[in-house]
Amino acid sequence: MRLFVSEGVPGCLPVLAAAGRARGRAEVLISTVGPEDCVVPFLTRPKVPVLQLDSGNYLFSTSAICRYFFLLSGWEQDDLTNQWLEWEATELQPALSAALYYLVVQGKKGEDVLGSVRRALTHIDHSLSRQNCPFLAGETESLADIVLWGALYPLLQDPAYLPEELSALHSWFQTLSTQEPCQRAAETVLKQQGVLALRPYLQKQPQPSPTEGRAVTNEPEEEELATLSEEEIAMAVTAWEKGLESLPPLRPQQNPVLPVAGERNVLITSALPYVNNVPHLGNIIGCVLSADVFARYSRLRQWNTLYLCGTDEYGTATETKALEEGLTPQEICDKYHIIHADIYRWFNISFDIFGRTTTPQQTKITQDIFQQLLKRGFVWQDTVEQLRCEHCARFLADRFVEGMCPFCGYEEARGDQCDKCGKLINAVELKKPQCKVCRSCPVVQSTQHLFLDLPKLEKRLEEWLGRTLPGSDWTPNAQFITRSWLRDGLKPRCITRDLKWGTPVPLEGFEDKVFYVWFDATIGYLSITANYTDQWERWWKNPEQVDLYQFMAKDNVPFHSLVFPCSALGAEDNYTLVSHLIATEYLNYEDGKFSKSRGVGVFGDMAQDTGIPADIWRFYLLYIRPEGQDSAFSWTDLLLKNNSELLNNLGNFINRAGMFVSKFFGGYVPEMVLTPDDQRLLAHVTLELQHYHQLLEKVRIRDALRSILTISRHGNQYIQVNEPWKRIKGSEADRQRAGTVTGLAVNIAALLSVMLQPYMPTVSATIQAQLQLPPPACSILLTNFLCTLPAGHQIGTVSPLFQKLENDQIESLRQRFGGGQLEETFDLKAKTSLKPAVVETVTTARPQQIQALMDEVTKQGNFVRELKAQKADKNEVAAEVAKLLDLKKQLAVAEGKPPEAPKGKKKK
């Protein structure tokens, strides 16, 4: 690999230090280039540092490059490090950029420079002192240490800007600065000129806005208000006074929802989840939940919106799962489709359609697109060497073969990948291959397959991307992944497989094959719509009138940005193609990954058994949504966000506003006589509301959530400063002031209830019911803050919205989901006592849980019978019988029955 750096560019400091740590573990060629040299061919502006990987891909984010080097060194990611990196990007860098600009470009000194970063430096110092560790994430140096050291070094290498009272920061900085990789990095970038080496770089940067007072925590007293013009204040007051009359009429409900000429027609898809397993929290935030937020927002904007999803049901994975569970593929699909639908229903996902791909419409539309591609010369045949099982009389798809890995010797490697060494495998390379169905040894034979000629379609794709990407809201990772595939040149892709469970190939000689799932899965969006309405082409063959938003995790990007567009462009039938491709990074679980087999992580059907409401899950997943980089679910952070942001900030403000109306004014909104301070607050709330709109229009879902919390903090500050509970006991003027503050506060609460609707729909509806918010105001969100609860409006009964999460409750859940639960979709090991009477009072579990346990009992029973038929070792049989009996006990408890007494031989 090759690392490009430049003298005098501050971002090169941490990457060089990280590269030095990885020395010996990877061969890195370091090239020093000029700051104006373009080393990334697809970027229009010069950019360093850049890491060119051996694969030809490029990394050009400082944090991403450093992370890559640390991973090479064997470092394991952790949540605390990720939090530090987010803080460095959002809080430290703006403050530090200002300080360096003032120092180097403007020639300022002392507190004029230090004032910009003092809060940030104090934050680091307090964190180091509080945890009593030498490094930011613990006892050993981490990625966070190197990234923050590299950012701070140009400023802090001058002792004048390293305050002596920040002793923990001083010790940390000196420890890192004396390490050899850091010293070499500093010599390379600063060339013994100190911070002045950065002058050419900094002179080209825009002049920063002042950052004094910038918040580094979520404490209300550190919130900074924007400067407002008199015109902005006047406009906010005018909009407020118009009130409900400003609201347009509600759009009439359609069924089915179809595009309307002259309106904005928004078609939203969420990546189709594989039907053969249960989605975990990362799957949920990566597609369906993110798309749901945008769909709900679109409806609040009165855009004509259709949101669809469904289960992806064809392919090898389904056939394999059917074999494992002793069911037919159709039975597997029916079973797991219900499980998926139940999970998304609990999470309050507002699909207009939740369908499936095993339908006649899927076959019809897929075959039609294939025939159009074939007719136009974009499909061709080729011979492929493949394993064939003579006993089963079929060619074997890769997952139907097991054998010894040719690389590491692992004896249970799959035909596509070895789970032990992780290397990709061609099934014919396996040693001692076996058919998974009958365990006989397959033979290598030639077979014909069909290929999509992507190289022939590449020019059309490039032209379409050239028209689509400018001005679109494709996420940066989606653009990067797409461009990296194109940079290497598209390759022909096989579109058929030797399976029975799939869309049949309508071509002579291919009757025993089906379409490869990656070819026809994205066509599922079209067929699901066709099952919803016979006028589906008004959505899917109407690119002039339809705005298509597609949500997914980053691993799904090529199928949506390359494969389906190529298929649709080649079919030449005016298909609607994606306008905005929204891809997330990955959500990890605590310090690792979600794992069903190891019982690690929270899966969709388990969340509802935690006692934590669905809206709290929605809020936290959206708060940590992995937008720019991978993020991690953390039980400790969930507790903190629930108790601070929801309970103490949002819930506290809305509850107080409503309670003041009930307690002091008999449940009726009082008269409001706005002072200049009140009018400024209206303008600040309006400004934040408009920022919320700007962010959600660009699908920056996580950032828009911060706007809601910011308005709530403004509301809490407003109440604290004005103290209506004291003023209500004072003079007539004081009582009038208490009325104004209470009326304005409860209207802010009403606004927040609507802004919350995309994120926390149940909480939103609860607030609206408590405030008796008029129905039109519940369904439309304008860009101005309106008085929707005028004087004299009667509210309902106010009650708390959120409950505190306790440490012992969260610790119990951490233990439960850290590998302590069953491998299946739930943990039903009843906490039984020795008294049978207690067992008999256990309530019946959900039907899904009972069915899954019944499946386990059947599976284990068959295994025991096989062992007995094979006359296996008695000890082995006894162990498996014990497992069977334990499963039967769990089933009895789940059904609400007392477990049967163990049956044994009668004593003579």
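1. Start with a charge over a ring. Arg388 lies over the face of Phe395, and the distance to the ring centre is 5.3 Å. Keep in mind that this is a predicted model.

2. Which residue lies over the face of Tyr102? Lys108 does, at 4.6 Å from the ring centre.

3. Now look at ring against ring. The structure holds 31 aromatic pairs. One of them joins Tyr516 and Trp518, and this pair is tilted. The two centres are 5.8 Å apart, with 55° between the planes.

4. Are Tyr516 and Trp518 buried or exposed? Tyr516 has 22% relative accessibility, so the residue counts as partly exposed. Trp518 has 8% relative accessibility and therefore counts as buried. The cut-off for buried is under 20% relative accessible area.

5. Another tilted pair is formed by Phe660 and Trp725. Here the separation is 6.3 Å centre to centre, and the angle between the planes is 35°.

6. Where do these two rings sit along the chain? Phe660 belongs to helix α22, residues 635–665. Trp725 belongs to helix α25, residues 724–727. The two residues are 65 residues apart, and their pair links distant parts of the chain.

7. Check the accessibility of this pair too. Phe660 counts as buried because its relative accessibility is 10%. Trp725 has a relative accessible area of 27%, so Trp725 is partly exposed.

8. Finally, find the cluster. Six names make up one aromatic cluster: Phe294, Tyr297, Trp303, Tyr549, Phe551 and Tyr692.

Technical notes. Residues numbered from 1 in each chain as written. Predicted model: local features only at pLDDT ≥ 70, side-chain atom pairs only at ≥ 80, totals over all residues. Heavy atoms only, no water. Phe/Tyr/Trp six-rings, centres within 6.5 Å; stacked < 30°, edge-to-face > 60°. Buried < 20%, exposed > 50% of the residue type's maximum accessible area, 1.4 Å probe, protein only. Helix = DSSP H or I, 4+ residues; strand = E, 2+ residues; numbered from the N terminus. Lys NZ or Arg CZ within 6 Å of the ring centre and 35° of its normal.
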